[in-house]
Amino acid sequence: MAQKDKEKWDKKYTEMEGLLERRPPSELVSAHAAEAPGIKALDLACGGGRHSLYLADRGFTVDAVDISTVALAALREKADLEHINLIEADLDTFVPDAGTYDMIVKTNFLDRGLIGRAQAALKPGGIMVVETYMADEGNEKPDSNPDFLLQKEELKSLFGEGFTVLEYKEFWNEPHEKYCMKKQAIAVRKD
């Protein structure tokens, strides 16, 4: 599966003009990054690295993880590699080291198992932000796989005991995205 995923994402990043452009961070990342207890961050499914770059610019040391060689090469061209460590990995099986990170970001990619594995990688007091697409009748993308869409308020259910929800919202995605899609975002603190 990893090779097919890698080929799919490499193709997407190669063919979709503008996908790897530097963009502002997600609202919850910028709103809660300063609350992290330290400066070690993990950006899962980092793509073009908008969150890796944002966090590195604020003094974090970031492990930026993606399956796409194309995305990581684009990030390498934009990044200060003293503060960003690029990791090519299959996120279906990637397991971050337990108790390592002060901040974890995962956006625009839904893997419920990865969310669970990432929770263990947070230090006590650490902040995790997850933002991705959800099922909604108003979504414009016609061929969305329902397995990769959250159900209403589902993100809340993925963070139980041991986490405090700092912020949760449902909203329509950013205007630069190809399709208009509903999203969910959550920021939590590990107790």
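This is a short tutorial dialogue on reading features of a predicted model.

Q: What kind of model is this, and how are residues numbered?
A: The model is predicted: local features need pLDDT of at least 70, side-chain atom pairs count only at pLDDT 80 or more, and totals for chains, interfaces and linings use all residues. Residues are numbered from 1 along each chain as its sequence is written, and side-chain values use heavy atoms, with hydrogens and water left out.

Q: Which residues of helix α4 are buried?
A: First the terms. Buried means under 20% relative accessible area, exposed means over 50%, and partly exposed lies in between (1.4 Å probe, protein chains only). Helices (H or I, at least four residues) and strands (E, at least two) are DSSP runs, numbered from the N terminus. In α4, residues 69-78, the buried ones are Ala71, Leu72, Ala74 and Leu75. Seen down the axis of α4, these buried residues fall within an arc of 160°, so they line one face of the helix. The arc is taken from the directions from the helix axis to the C-beta atoms.

Q: What covers the buried residues of α4?
A: Look for contacts, meaning heavy atoms within 4.5 Å. The cover includes helices α1 (2-15) and α3 (50-57). It also includes strands β2 (61-66) and β3 (84-88).

Q: Which residue caps the N-terminal end of α4?
A: A cap of this kind is a polar contact. That is a pair of N or O atoms within 3.5 Å; within protein, one must be able to donate a hydrogen and the other to accept it, and residues adjacent in sequence count only if both atoms are side-chain atoms. Here Ser68 is the cap. One of its side-chain oxygens lies 3.2 Å from the backbone nitrogen of Val70.

Q: How many salt bridges are there?
A: A salt bridge is a side-chain nitrogen of Lys or Arg within 4 Å of a carboxyl oxygen of Asp or Glu. The count comes to 13. One of them joins Lys6 and Asp10, with the closest N and O atoms 3.0 Å apart. The two residues are four apart in helix α1, which means about one helical turn separates them. Both Lys6 and Asp10 are buried.

Q: Which parts of the chain does the pair Arg189 and Glu35 link?
A: Their closest N and O atoms are 3.3 Å apart, and they form a salt bridge. The pair links distant parts of the chain, 154 residues apart. Arg189 sits in strand β7 (residues 182-190), and Glu35 in the loop between α2 (27-32) and β1 (40-44). Arg189 counts as partly exposed at 28% relative accessibility. Glu35 is also partly exposed, at 32%.

Q: Where is Asn173, and what does its side chain reach?
A: Asn173 is in the loop between β6 (163-172) and β7. Its relative accessible area is 10%, so Asn173 is buried. The side chain of Asn173 reaches the backbone oxygen of Tyr179 at 2.8 Å. Leaving aside neighbours within four places in sequence, the contacts of Asn173 include Tyr133, Cys180 and Lys183.

Q: Is Glu17 buried or exposed?
A: Glu17 lies in the loop between α1 and α2. With a relative accessible area of 83%, Glu17 is exposed.

Q: What makes up the largest nonpolar core?
A: In soluble globular proteins, nonpolar side chains tend to be buried together. A nonpolar core is a set of buried Ala, Val, Leu, Ile, Met, Phe, Trp, Tyr and Cys residues joined through side-chain atoms within 4.5 Å. The largest one has 31 residues. Those with the most contacts inside it are Leu44, Leu91, Ile104, Met128 and Phe159. A second, separate core of 25 residues includes Ala56, Leu75, Ile84 and Phe171.

Q: How many aromatic pairs are there?
A: A pair of aromatic rings is described by the distance of the centres and the angle of the planes. Rings of Phe, Tyr and Trp (its six-membered ring) pair if their centres lie within 6.5 Å; planes under 30 degrees apart count as stacked, over 60 as edge-to-face and the rest as tilted. The search of the whole structure finds two pairs. Trp9 and Tyr13 form a tilted pair, 5.9 Å centre to centre, with 35° between the planes. The ring centres of Phe159 and Phe163 are 5.5 Å apart and their planes are at 75°, so this pair is edge-to-face. Both Phe159 and Phe163 are buried.
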